[in-house]
Every structure is written in C-alpha cells, then in structure tokens.
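Thank you all for making time this morning. Please have the model open in front of you while I talk, and stop me whenever something is unclear.

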Amino acid sequence: MTRASQCCWIELIHEAGVASPASDEKLNLPASSAGRQGRYTMKAVVLHEYGGPEKLQFEDNVPEPQISGGTVLIAAAAASVNPIDWKMRSGKRQKDIPLSFPAILGRDVSGVVQAVGANVKHFKPGERVFALSRATYAELVAVDDSSVAHLPDGVDLADAAAIPLIALTGDQLVRLAMNLQKGQVVLVTGALGGVGRAAVHTAKKIGAQVIAGVRGKELDDARSLGVSGVLAIDDDEAIEKFRSVDAIADTIGGHIAAKLIAKVKPGGSFGYTAELPESAAAQNPAVKITRVLVQPDPSKLREFADDVRDRKFVLPIGRRMPLRDAAEAHALGEKGGIGKILLLAPDS
C-alpha cells in the first residue's frame, strides 16, 4: 500500500498571488477612513520568482487586496515568518502549493479592522483582530470574516501574529489528525518549536500523557513544558529503548519520523506536518497515518489567545523585525535557532 492510500489529508489552503485593486463600494468604511478612498496601492513584500531570500522585494506600489461583501480588511500590525514561507519561496513546495507570480507570502496576521464588507455582522472598524489568512506580508490584508477572531485585551497586538498558524496546526494535529483521547500516551516531536508547543498544549488539555521529543541538549528545557516525560530524538539508543505509545504528533519529519513511527502501537495514530518517507508508511501498515494541513478555526484561535493572556500557553518571540527586512528574516529563520520571527508592518 502506498503512503497516498494510507494517509488522510485534511485540507490544503493555497497561497494567493498579489490581488488586483477593487472598489471601496463593497465595504462599510468608517468616517475616519475617508482618506483611504481612491488609494489603491500599499506597501508589501513581493515575490516575483522562486529563489533565495533575496528574491523577496519590499515594494510600496502593490495593489491592495481584493474585497467582497464578506471581507474584513485588516490594517496589519504584524505578520510572522513560518517554515512554510521559505519552503514556498524557494520552490520546494511548488508541486503541492504552487504560486502565481507576483505573490505575497505569509499566513499569520494581527491588526485593527480597517473596514468590513456589507455582509459582515460580527466585526467593525477599530477592533483588534487576528487571523489565519494568506498574503499577509503586507500593509493591508483581506480576510474572510469566518476566519477572523477578536483579540482579547491583555495580548500584545503585534505578538498575536505569532499565534494563528502554529496554534491551529498543533491543535489540529492532535485533535483531528490523531483524534487523541484522554488518558492516551502521545509523543510530540519538536516539542519546543511553535507547532510542537501548541500540540503539547492541546494534548495536555485533552488529558493525555505527553512525552516531549527534542534534541538531547534540550531535554531540560522540554521538562519546563510540564510534560510526563522526555525523549532525545537525536539519540538512536534512546529511541531503541523507548516504549510504544498510542500516538505520535510529529513536527520534524524525515529520517527521525521514519525511526519513531515503529514506536506506535498497532492501531495507533501517527500525525505529521512535514515529510514522511514513503517506506515508513509501507512498513507500518497497522498505524493510521495522517498529514495535517491547517484550516481556519477562529474559536480555537480565541481559545489560544485567552490562554496566552492567562499565561497558560507561552510562545517565545525570537525577534521582531520591520516588514521591509523580510529577506533577512527568511535567512535567519532558515539557519534556525532564533525562534519565532515577527514582521512589523509599516506604521503599525
């Protein structure tokens, strides 16, 4: 059986290219935004072809995003940089997530509602919001109202841009890909990364016993997550001695994932976000294998934001950089070891 026949795909949300201008007539504009009418360009980071970080160009005459009756137009405070961004920029993911050039990358946005479409009932200009979206390396981001969440007081507006993609991916990895149940034992690989932290958080809320899989030098840091145990996933001897578990939430992929999948009990679940060698799936036919590809869930976004506010969920920010420095941010992110990077919008 091939991996394709074993795996269950949740949903793939494609990145959009640069949108063309649209009329303000479809939006309910506040009086304070009257000066915006007639303005159809914005500042954004644009990609014109696949390649290295230097291909990201900061431009100030980019067409504003398309709008409609169900749109929330967000004046961005920040976006964040995620591994999927540089994988798309380089062309590594062009087979399953092709780009139409010119393109704007980015999946996370936080900011203030600039305007709303005529059919939008739950948001109004001036409100603080955040969302999982697309084309977010920009001054203005148009988001379907069903994907937007209100940001609670007590959460920094810019820092909120770090939440959407990692929180929803980690949460859906545990809840949807694996259908984890209370009392089950789950290993979360890359537990100190953003998606890993979110997966640990959701698994603990469900009531599962969580084991954090990290590099050997990170074991002490991983214990601070309040997990039941830790595993050095770069130690073959430790993996060999590791007990079987009900489920694995994998955020690492590659050869490490291929080694660990054998530690899932027959009938257990292996959920992953990155890459899994086809041979690993073929050699473990008794394991349910599911790749999660994130989809919007504003209620879960708000839940994570509430937990951030209440200090129940901690997501360290490695660096805050101007949007115009997106190329440098990608270069730093690809090197690793810097943590979550935020891109602050102009005049945010």
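I will go through a few backbone details in loops and then turn to one pair of helices.

Before that, a word on the source: this is a predicted model, in which local features need pLDDT of at least 70 and side-chain atom pairs count only at pLDDT 80 or more, while totals for chains, interfaces and linings use all residues. Residues are numbered from 1 along each chain as its sequence is written, and side-chain values use heavy atoms, with hydrogens and water left out.

Let me begin with proline 102, which lies in the loop between helix H2 (83–90) and strand S6 (108–117); the peptide bond leading to proline 102 from phenylalanine 101 is cis, with omega near -5°. Helices (H or I, at least four residues) and strands (E, at least two) are DSSP runs, numbered from the N terminus.

Next come two residues other than glycine with a positive phi: alanine 135, where phi is near 55°, and arginine 311, where phi is near 60°. Alanine 135 sits in the loop between strand S7 (128–132) and strand S8 (140–144), and arginine 311 in the loop between helix H9 (298–309) and strand S16 (317–322). Are they buried or exposed? Alanine 135 has 15% relative accessibility and so counts as buried, whereas arginine 311, at 75%, counts as exposed; buried means under 20% relative accessible area, exposed over 50%, and partly exposed in between, with a 1.4 Å probe and protein chains only.

Finally, helix H4 (residues 194–206) packs with H9 at an angle of about 95°, their axes 13 Å apart, where axes are lines fitted to C-alpha atoms, for helices over the stretch in contact, and angles run from 0 to 180 degrees between N-to-C directions. H4 and H9 are therefore roughly perpendicular, a term that covers 65 to 115 degrees. The contact, meaning heavy atoms within 4.5 Å, involves Ala198, His201, Thr202 and Lys205 of H4 together with Glu303, Phe304 and Asp307 of H9.

Notes
Parallel < 35°, antiparallel > 145°, perpendicular 65-115°, else oblique.
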